[in-house]
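Trainee: I should like to go through this model step by step, with the criteria stated as they arise.
Mentor: Then let us begin with the structure itself.

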Amino acid sequence: MNRTTLSLIAGATALAAVTGFAVLTAPDPTAVDDGVATAAAHLPVERSSLLCPAPSGSDLAETTYTSFTPVTKGTESEGSAQLQPAATGRPAEESAESAESEEGGEGGEGAEGADEEVAEGAEDGGGEKDTESAKPGKPVLEHKEEPGKPVTVDVPGGEAPALAGTAEGRFAPGWTVQQTTEVAAGTGRGLQGVNCSAPDTEFWFPGASTAAERTDYVHLTNPDDSAAVVDIEVYGKDGALETTVGEGVTVRPHSSEPVLLSTLTDEEQTDATVHVVVRSGRVGAAVQALDDSLGGDWLAASADPAGSLVLPGIPEDATAVRLIAFTPGTVDADLKVQLASPSGLITPAGNETVHVKGGMTTAVDLGDVTRGEAGSLVLTPTDGPVPVVAAVRVLRGKGGSQESAFVPAAREVGVRATSVDNTAKGSTLAVTAPEGAAKVKVTVSGGSEGGTPVTETYTLKAGTTRNIEVPVPDDVEGTYALTVEPESDDTPVYASRTLTATKDGVPAFTVQTLPDDRGMVAVPQTEEDLSVLQK
C-alpha cells in the first residue's frame with residue numbers, strides 16, 4: 001500500500017486563501033481514536049462580499065455609505081474594498097412568471113455566514129450563467145488607503161442604486177459597511193439605517209406589515225453571475241397568507257428586486273412575518289418598513305430560529321415597544337419575557353410570558369418597558385425549547401412627533417463585532433451579557449477625517465445591559481468605527497448601536513445589532529500522519 005503523509009493545516013490554509021471561507025466541524029465524540037491529533041487555528045479571511053439595498057426613492061433623501069475594516073493581525077500587505085451599483089431588476093410580477101423558465105436548479109447551497117466568497121464555480125448557486133446580465137458599474141466607494149480608518153461617500157436624492165461589494169486581502173477581515181439615509185419629509189421620514197449584509201439562502205423578518213398605513217418592501221440583491229430564484233412567504237396572526245406572486249421571484253444576475261409586500265396578498269396584517277427562501281443561488285435581503293405617520297427604518301433579518309433569543313439595546317427613552325414573534329412549524333412556543341436592565345434581569349409586569357402559536361405571528365405590546373434605563377429583551381423557553389424568531393418595533397417621541405425603528409433578535413458578538421458611521425454625539429453602544437458576567441474591549445477608530453484610535457475595557461455584571469459612554473478622543477474628526485471584543489470566552493455577549501438625530505422636534509433614530517464580523521475562520525490543523533485515511 002502506498003503511504004501518503006498529508007498536512008491538514010496546509011490544505012486548510014490553502015482553502016482559506018483561495019475561497020476565504022472555511023468551516024470547522026466539531027469532532028464526533030463517538031468516533032474511534034485513530035491517533036490523529038486535531039486543533040483549531042483561526043486565520044483571517046482573504047475575501048468578503050457585502051450587499052446594500054437601494055436606500056430610498058425620495059428626492060429628499062440623503063444617503064451616506066461608510067466602509068471600514070479593522071486592523072487584523074496576520075493579513076496580507078495588499079488589498080482593497082469597493083462597492084459597485086447593481087442593476088435594477090424587473091418587476092416582481094414579471095420575475096415570478098418567468099421563474100420557471102429561468103430557474104437553474106433546486107435549492108442554493110449558500111451557508112449561514114456566506115459573507116466570505118465561495119470557491120469559483122459554486123458562486124452561481126446551480127443556475128446557468130446569464131451572459132447578457134447587467135454588469136456592475138463604476139464603483140460608488142473605493143477603500144484602498146489602509147485598514148483602521150473609515151471611508152465615507154454621500155449620495156444625494158432618491159436615485160441611489162443597490163450596491164454589491166467585495167473586499168480582498170488586508171481589507172477583507174471584518175469588512176463592514178453601513179448605509180444611513182436621512183429622509184427630510186414624507187412617508188418613511190427620519191433616519192433609515194442598515195448594515196450591508198452577506199448573501200445567504202434563508203431570512204426571517206418578524207415585524208413586517210401589510211397594513212394600509214405601511215409601505216413595506218422586501219429588497220433582494222443577487223451578487224452572482226446566474227439568476228437567483230426566491231420564494232417569499234408571509235405569515236399573519238392566523239397563519240400563512242395566500243400570496244399571488246411571492247413564489248418563484250427571479251432576481252437577475254448582479255441585480256436587485258424590490259418587492260412590495262402589499263402586492264403579494266390582499267390581506268391586511270398589522271404584524272406579519274416574512275420568510276425569504278432561496279431555491280437557487282443566493283441573495284442579500286432586507287425589509288424597508290415605511291409608515292405614513294411614524295417614519296420608517298430598515299428591518300434586518302432576525303437571528304436564526306432558536307429556543308432562546310436576545311434583542312439587545314432597546315433605546316432607554318422608548319415610549320412604546322411592540323414584540324413580534326413567530327415559530328416555524330406546528331408546535332406552539334411558550335416564552336419567558338425578561339428585560340436585562342442595568343441592575344439585572346427583571347420581568348415586565350403583566351407580560352411575564354408570551355404564547356406563540358405554531359405557524360402564526362404573535363404580537364405583544366410591552367409599553368415603555370425600559371422606563372428610562374438601558375435594556376435588552378431576553379426570551380427563554382418556559383418548558384422545552386421551540387425554535388422562534390423575533391423582533392421589536394420601537395417608538396420614540398410623542399403625539400405627532402413619533403419615530404419608529406426595529407431591533408431584531410441578534411447573533412452573538414462572537415470574536416469581534418464592528419459598527420461604523422458613529423458620531424461623537426448621537427451614537428449609543430449597548431452591550432448585554434444575559435447569562436453571566438463578562439468583560440469587553442471597545443476600540444474607537446481614528447475618524448474618517450483624522451484622529452487617534454483608543455481602547456477601553458468594560459465589565460458587565462451577569463444579566464445586565466450597559467450603555468457604554470464611548471471614550472472618543474478630542475482629535476477624532478468625521479465619523480468613527482467601533483469594535484467590540486469579548487474577553488470572556490464562555491459568556492455570550494450581545495450588542496447594538498443606536499444613531500439619533502432630532503430634526504424639527506422629531507426624534508429620528510435607527511438601531512443596528514452587532515453580530516460577529518466574521519473576520520476570522522476556524523481551520524482544522526494537524527501535522528500527524530493521515531495515511532490511515534487511505535486504507
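**A buried position and its surroundings**

Mentor: Leu-163 has a relative accessibility of 0% and therefore counts as buried, where buried means under 20% relative accessible area, exposed over 50% and partly exposed in between, with a 1.4 Å probe and protein chains only. The model is predicted, so that local features need pLDDT of at least 70 and side-chain atom pairs count only at pLDDT 80 or more, while totals for chains, interfaces and linings use all residues. Residues are numbered from 1 along each chain as its sequence is written, and side-chain values use heavy atoms, with hydrogens and water left out.

Trainee: In which strand does Leu-163 lie?
Mentor: Helices (H or I, at least four residues) and strands (E, at least two) are DSSP runs, numbered from the N terminus. By that assignment, Leu-163 lies in strand β8.

Trainee: Which residues does Leu-163 touch, not counting residues up to four places away in sequence?
Mentor: Contact means heavy atoms within 4.5 Å. With residues up to four places away set aside, the partners of Leu-163 are Leu-50, Leu-51, Cys-52, Tyr-65, Leu-83, Gln-84, Pro-85, Ala-86 and Val-140.

Trainee: What distance separates the C-alpha atoms of Leu-163 and Pro-139?
Mentor: Along the chain, Leu-163 and Pro-139 are 24 residues apart. In space, their C-alpha atoms are separated by 9.0 Å.

Trainee: Is Ala-172 buried or exposed?
Mentor: Ala-172 is found in the loop between β8 and β9 (176–183). Its contacts beyond four places in sequence are Val-45, Glu-46, Arg-47, Ser-48 and Ala-167. Because its relative accessible area is 0%, Ala-172 is classed as buried.

Trainee: How far apart in space are Ala-172 and Ala-81, C-alpha to C-alpha?
Mentor: In sequence, Ala-172 and Ala-81 are 91 residues apart. The C-alpha to C-alpha separation is 7.5 Å.

Trainee: Why is Gln-338 assigned to the buried class?
Mentor: Gln-338 lies in strand β22 (residues 333–341). Beyond four places in sequence, Gln-338 has contacts that include Leu-345, Pro-348, Leu-377 and Thr-380. The class follows because Gln-338 has a relative accessible area of 12%.

**Charged side chains**

Trainee: How many salt bridges does a search of the whole structure find?
Mentor: Side chains of opposite charge can pair when their charged atoms come close. A salt bridge is defined as a side-chain nitrogen of Lys or Arg within 4 Å of a carboxyl oxygen of Asp or Glu. The number found in the whole structure is 16.

Trainee: Which residue forms a salt bridge with Glu-168?
Mentor: The closest N and O atoms of this pair are 3.8 Å apart. The pair links distant parts of the chain, 121 residues apart: Glu-168 is in strand β8 (residues 163–169) and its partner is in strand β2 (residues 47–52). Glu-168 is partly exposed because its relative accessibility is 38%, and the partner, with 30%, is likewise partly exposed. That partner is Arg-47.

Trainee: How far apart are the closest N and O atoms of Asp-216 and Arg-214?
Mentor: Both Asp-216 and Arg-214 are buried. They form a salt bridge in which the closest N and O atoms are separated by 2.8 Å.

Trainee: Which residue forms a salt bridge with Arg-371?
Mentor: Arg-371 lies in the loop between β25 (361–367) and β26 (375–381), and Arg-371 is exposed because its relative accessible area is 65%. The closest N and O atoms of the pair are 3.4 Å apart. The partner is Asp-368.

Trainee: What is the phi of Arg-371?
Mentor: Most residues other than glycine have a negative phi, and most peptide bonds are trans. Arg-371 is not a glycine, yet its phi is positive, at about 50°.

Trainee: Where does Asp-504 lie?
Mentor: Phi of Asp-504 is also positive, near 55°, in a residue other than glycine. Asp-504 counts as exposed because its relative accessible area is 71%. Its place is the loop between β35 (494–503) and β36 (506–513).

**The chain in total**

Trainee: What share of the 535 residues in the chain do buried residues make up?
Mentor: The secondary structure comes to three helices and 37 strands. Among contacts between residues at least 6 apart in sequence, 84% join residues at least 24 apart. Of the 535 residues, the buried share is 54%.
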